[in-house]
Amino acid sequence: STALFWYNYTTVYSVLSSRHWQFGYQEMYQAVFSISNENPSLPMYISRSEGRPAAYLWFYQKTQPQLVQALNDSVKKDQGEYLTFDLFNFVGSPGEIPDSPAIVVLTKSEFDNYRMNHTIAEVRTITAPDGSIVWKIGIQQ
């Protein structure tokens, strides 16, 4: 029983439940930081449909809490969730993204629908351990 539990916990559960644990944020932000280094002036628009992207940004960027706290009274929020931070914009739907050059991070369905009406080049795809697409990253022209 212990061996079966350990196998399911370390092998099966981690694959089947990765989306419930917001898998892909680390890989997505690594890609966004890399793309942003090549395009430093482009604003970034990240979908909020997979959780709370601002919190993951601060964690993976190793942002000092004092920087976040200093903006607390002036930053635009939705139910306490930051909607902007530096060049990062966290959107509830792709319709909030202006039609101007930007780095865009959306879920697969959001990206595919957004691509129909906008000029955007897909530059990176982030997949979960089960092979499903978590994020699509593109550069909008």
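Ile120 stands opposite Gln140 of strand S8 in this predicted model. Strands here, like helices, are DSSP runs numbered from the N terminus (E, at least two residues, for strands; H or I, at least four, for helices). S7 and S8 run antiparallel and are joined by 7 bridges; two strands are taken as paired if DSSP finds at least two bridges between them. The two strands form a hairpin with 5 residues between them, and Gly131, in the turn, has a positive phi of about 95 degrees.

Some ground rules help in reading the values that follow. Residues are numbered from 1 along each chain as its sequence is written, and side-chain values use heavy atoms, with hydrogens and water left out. Because the model is predicted, local features need pLDDT of at least 70 and side-chain atom pairs count only at pLDDT 80 or more, while totals for chains, interfaces and linings use all residues.

The hairpin belongs to an open sheet of 6 strands, ordered S4-S5-S1-S6-S8-S7 with mixed pairing. Strand S4 (84–85) and strand S7 (120–127) are at the edges and have a single partner strand each, so one side of each is left without a neighbour in the sheet. Elsewhere in the sheet, strand S1 (residues 44–47) pairs with strand S6 (residues 102–106) in the parallel sense, over 3 bridges. Within this pair, Tyr45 stands opposite Val104 in S6. Helix H2 (residues 25–38) packs on the sheet and touches S1, strand S5 (88–91), S6, S7 and strand S8 (133–140); contact means heavy atoms within 4.5 Å. The direction of H2 makes about 15 degrees with that of S8. Helix H5 (residues 108–115) lies across S1, S6, S7 and S8, and runs at about 30 degrees to S8. For these angles, axes are lines fitted to C-alpha atoms, for helices over the stretch in contact, and values run from 0 to 180 degrees between N-to-C directions.

Helix H5 also takes part in salt bridges, of which the structure holds 7. A salt bridge is a side-chain nitrogen of Lys or Arg within 4 Å of a carboxyl oxygen of Asp or Glu. Asp112 and Lys108 meet in one of them, at 2.9 Å from N to O. These two residues are 4 apart in helix H5 and therefore separated by about one helical turn. Asp112 is partly exposed, with a relative accessible area of 25%, and Lys108 is also partly exposed, at 38%. The bounds are under 20% relative accessible area for buried and over 50% for exposed, with partly exposed in between (1.4 Å probe, protein chains only).

Asp112 has a salt bridge to Lys136 as well, at 2.9 Å from N to O. This pair links distant parts of the chain, with Lys136 in strand S8 and Asp112 in helix H5, 24 residues apart. Lys136 counts as buried, at 9% relative accessibility. A further salt bridge brings together the side chains of Glu122 and Arg115 at 3.4 Å, N to O. Glu122, at 29% relative accessibility, is partly exposed, and Arg115, at 35%, is partly exposed too. Through salt bridges that share partners, Lys108, Asp112, Arg115, Glu122 and Lys136 are joined into one network.

Toward the start of the chain, Phe5 lies in helix H1 (residues 2–16) and counts as exposed, at 53% relative accessibility. Phe5, Trp6, Tyr9, Tyr13 and Trp21 make a nonpolar surface patch of about 660 Å². Patches consist of residues with over 30% relative accessible area and no salt bridge, with like charges joined within 9 Å and nonpolar side chains (Val, Leu, Ile, Met, Phe, Trp, Tyr) within 5 Å. Accessible areas come from the Shrake-Rupley method with a 1.4 Å probe, and for residues only the protein chains shown count as cover. Ser14, another residue of helix H1, counts as partly exposed at 35% relative accessibility. Leaving aside residues up to four places away in sequence, Ser14 touches Tyr9 and Pro129. Ser14 and Asp130 are 116 residues apart in sequence, but 9.3 Å apart in space from C-alpha to C-alpha.

Turning to the whole protein, there are 5 helices and 8 strands. Of the 141 residues, 38% count as buried. Among contacts between residues at least 6 apart in sequence, 67% join residues at least 24 apart.
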